[in-house]
Amino acid sequence: MGHGPQDVHGGVDPHLGRYAARTAGMTASEIRALFAVASRPEVVSLAGGMPNLAALPLRDIAAQTARIIAEDGLAALQYASAQGLPELREQICEVMALEGVRGHPDDVVVTVGSQMGLDLVARLFCDPGDVVLAEGPSYVGALGSFATYQAQVVHVAMDEHGLVPDRLRAALRQARNAGRRVKMLYTIPNFHNPSGVTLAVGRRAEILEICRAYGVLVVEDNPYGLLGFDGRTYPALHSLDPENVVYLGSFSKTFAPGLRVGWVLAPRAVREKLVLAAESATLCPPTLNQMVVSRHLATQDWRGQIDAFRETYRERRDAMLRALEDHLPPGCTWTEPDGGFYVWVRVPEGVDTRAMLPRAVDARVAYASGTGFYTNGLGGRRMRLSYCYPPPGRIREGVRRLAAVLEAEPALAPAFAGPAPRPVAGPRALAPEAV
Ligand SMILES: Cc1ncc(COP(=O)(O)O)c(C=O)c1O
């Protein structure tokens with residue numbers, strides 16, 4: 001039996017015309033589309049951002065979870081506060097204190113991952129046509145949330161020290177002159193996704209001052225802040241201006257993303273609205289998962305666990321950088337992250353990383369092409385390589401395959417044939433707007 005025009009396989013959607021106008025901004029991210037191919041076992045995926053959970057003590061977590069249900073099951077399996085469990089909110093404040101944040105548990109809202117925090121913030125602040133400033137490039141999931149609420153993202157250039165204050169000023173001035181309403185600066189100050197860069201401490205106060213002067217809220221997204229390879233942490237923007245910064249945190253990278261426990265710390269008035277918005281989205285965050293996280297923080301050496309994660313990621317970062325140095329063709333440059341999951345690679349002129357991706361997948365390696373991290377079409381000469389999930393040997397093999405694909409690109413082939421001096425490959429500072 002046919003399905004007529006509503007055939008699910010590429011046919012016309014019979015509900016067209018019913019959808020809200022905001023759905024126009026909802027498109028599948030390039031990265032999601034990649035997941036299916038990248039997860040085939042023969043493909044080395046340098047594309048996704050999945051944490052490596054092998055260091056987790058699964059038996060302990062299983063025992064803790066069983067105990068929670070056996071001893072406190074009627075609460076664990078019940079609805080609870082829309083804002084999140086009070087004990088967990090207190091513990092979250094202890095976690096944030098590691099980066100200088102002096103938060104009160106009353107001002108914390110537990111969310112279903114920090115992705116939900118992004119959605120709530122966009123829901124509270126963005127009307128259609130409002131401008132959100134974000135680093136160029138920026139986290140694809142945040143760009144998706146802003147698009148859903150029909151905000152326009154304007155990218156602000158970064159360099160190797162993070163967001164460039166002068167570029168921020170210029171973007172704000174330009175928006176004001178054009179009569180545009182800028183609602184917020186969305187920023188990932190530490191071990192940025194996708195660039196791997198960290199905002200210089202010396203720039204932090206200046207960026208906050210600029211935002212204050214223009215009456216713009218700062219949304220600080222900090223899922224990687226405790227994953228610095230030398231164990232160093234940086235002062236959170238929130239610690240420098242608590243009244244004008246909404247802080248998003250997550251246990252996804254420091255414990256387990258499948259539990260979907262994140263949080264927002266917000267100035268009191270904003271927090272009240274956040275709770276209402278959270279309640280309308282989920283009634284309350286999952287009680288059992290909150291208890292699992294809370295018990296983990298109360299009874300396990302969670303700092304030691306984060307140290308173990310950090311060590312794994314440092315080793316993988318080293319493997320990635322060495323492989324890039326050994327294999328990538330001349331003219332490629334990349335960032336050198338001090339923490340987090342990602343390296344941002346610039347390829348030679350004439351190579352289009354989005355167009356090249358199918359050829360890379362044929363060669364059994366996947367990456368995230370740079371265009372997914374911009375809303376304005378930039379990023380064609382960039383790609384994000386993640387070193388968080390594959391073990392070092394796979395990382396090396398993946399980069400070797402990637403190098404072969406790059407060398408076969410028509411734009412590069414002449415460089416290998418002629419006697420002209422060739423540019424070298426190597427790590428290099430991220431230059432603003434160098435796409
Ligand atoms: C910068 C950034 N923000 C937010 C998230 C979402 O994380 P969560 O699992 O807490 O929703 C991610 C996940 O990769 C991320 O990289």
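**Figure 1. The shell of residues around the ligand.** In this predicted model, 14 residues surround the ligand, and those that come nearest are G113, S114, Q115, S250 and S252. Helix α4, which runs over residues 113–125, supplies three residues to this shell, and that is the largest share. When the residues of the shell are sorted by class, nine are polar, four are nonpolar and one is charged.

**Figure 2. The two domains and the contact between them.** The domain assignment divides the protein chain into domain 1, made of the stretches 4–54 and 305–413, and domain 2, which covers 79–299. The centres of domain 1 and domain 2, taken over C-alpha atoms, are separated by 24 Å. To the contact between them, domain 1 gives 33 residues and domain 2 gives 32 residues. On the side of domain 1 that touches domain 2, the elements that contribute two or more residues are α11 (302–327) and β11 (342–346), and the largest share, six residues, comes from α11. The residues on this side of domain 1 comprise 16 nonpolar, 11 polar and six charged ones.

**Figure 3. Helices α6 and α7 packed against each other.** Helix α6, residues 165–177, and helix α7, residues 201–213, have axes that lie 10 Å apart and make an angle of about 10 degrees. Angles under 35 degrees count as roughly parallel, and α6 and α7 are therefore roughly parallel to each other. From α6, the residues P165, L168, R169 and L172 take part in the contact, and they meet R203, E206, I207 and I210 of α7. Sorted by class, this contact of α6 with α7 holds five nonpolar residues and three charged ones, but no polar residue. The spacing of such positions is easier to follow with a general point in mind: an α-helix has 3.6 residues a turn, so residues three or four places apart point the same way.

**Figure 4. D166, an exposed residue of helix α6.** D166 also has its place in helix α6. How many other C-beta atoms lie within 10 Å of D166, and is this residue buried or exposed? There are 12 of them, and a residue with 12 or fewer counts as exposed, so D166 is exposed. D166 and R316 are 150 residues apart along the chain, and their C-alpha atoms are separated by 34 Å.

**Figure 5. G136 and the cis peptide bond that follows.** G136 belongs to strand β3, and the peptide bond that leads from G136 to P137 is cis, with an omega near 5 degrees. P137 itself is found in the loop between β3 (131–136) and α5 (140–148). Around G136 there are 24 other C-beta atoms within 10 Å, and because 20 or more are needed for a residue to count as buried, G136 is buried. Leaving aside residues up to four places away in sequence, G136 touches H155, V156, A157, M158, Y374 and L378. R260, by contrast, is 124 residues from G136 in sequence and 27 Å from it in space, from C-alpha to C-alpha.

**Figure 6. Helix α5 and the residue Q150 after it.** Helix α5 is mostly covered, since seven of its nine residues are buried. The buried residues in α5 are V140, A142, L143, G144, S145, F146 and A147. Just after α5 comes Q150 with a positive phi of about 60 degrees, a positive value in a residue other than glycine. Q150 lies in the loop between α5 and β4 (152–159). Because Q150 has 18 C-beta neighbours inside 10 Å, it counts as partly exposed.

**Figure 7. R364, in the loop between α12 and β12.** The phi of R364 is near 65 degrees, which is a positive value in a residue other than glycine. R364 sits in the loop between α12 (353–362) and β12 (365–366). With 17 other C-beta atoms within 10 Å, R364 is partly exposed.

**Figure 8. The cis peptide bond between N193 and P194.** N193 and P194 are joined by a cis peptide bond, whose omega is about 15 degrees. P194 has its place in the loop between β6 (182–187) and α7.

Key:
Residues are numbered from 1 along each chain as its sequence is written. This is a predicted model: local features need pLDDT of at least 70, side-chain atom pairs count only at pLDDT 80 or more; totals for chains, interfaces and linings use all residues. Domain bounds come from an automatic or database domain assignment. Two residues are in contact if their C-beta atoms, placed from the backbone, lie within 7 Å. Helices (H or I, at least four residues) and strands (E, at least two) are DSSP runs, numbered from the N terminus. Ala, Val, Leu, Ile, Met, Phe, Trp, Tyr, Cys and Pro count as nonpolar, Asp, Glu, Lys and Arg as charged, and the others, Gly among them, as polar. Axes are lines fitted to C-alpha atoms, for helices over the stretch in contact, and angles run from 0 to 180 degrees between N-to-C directions. Angles under 35 degrees count as roughly parallel, over 145 as roughly antiparallel, 65 to 115 as roughly perpendicular and the rest as oblique. A residue is near a molecule or strand if its C-beta atom, placed from the backbone, lies within 6 Å of it.
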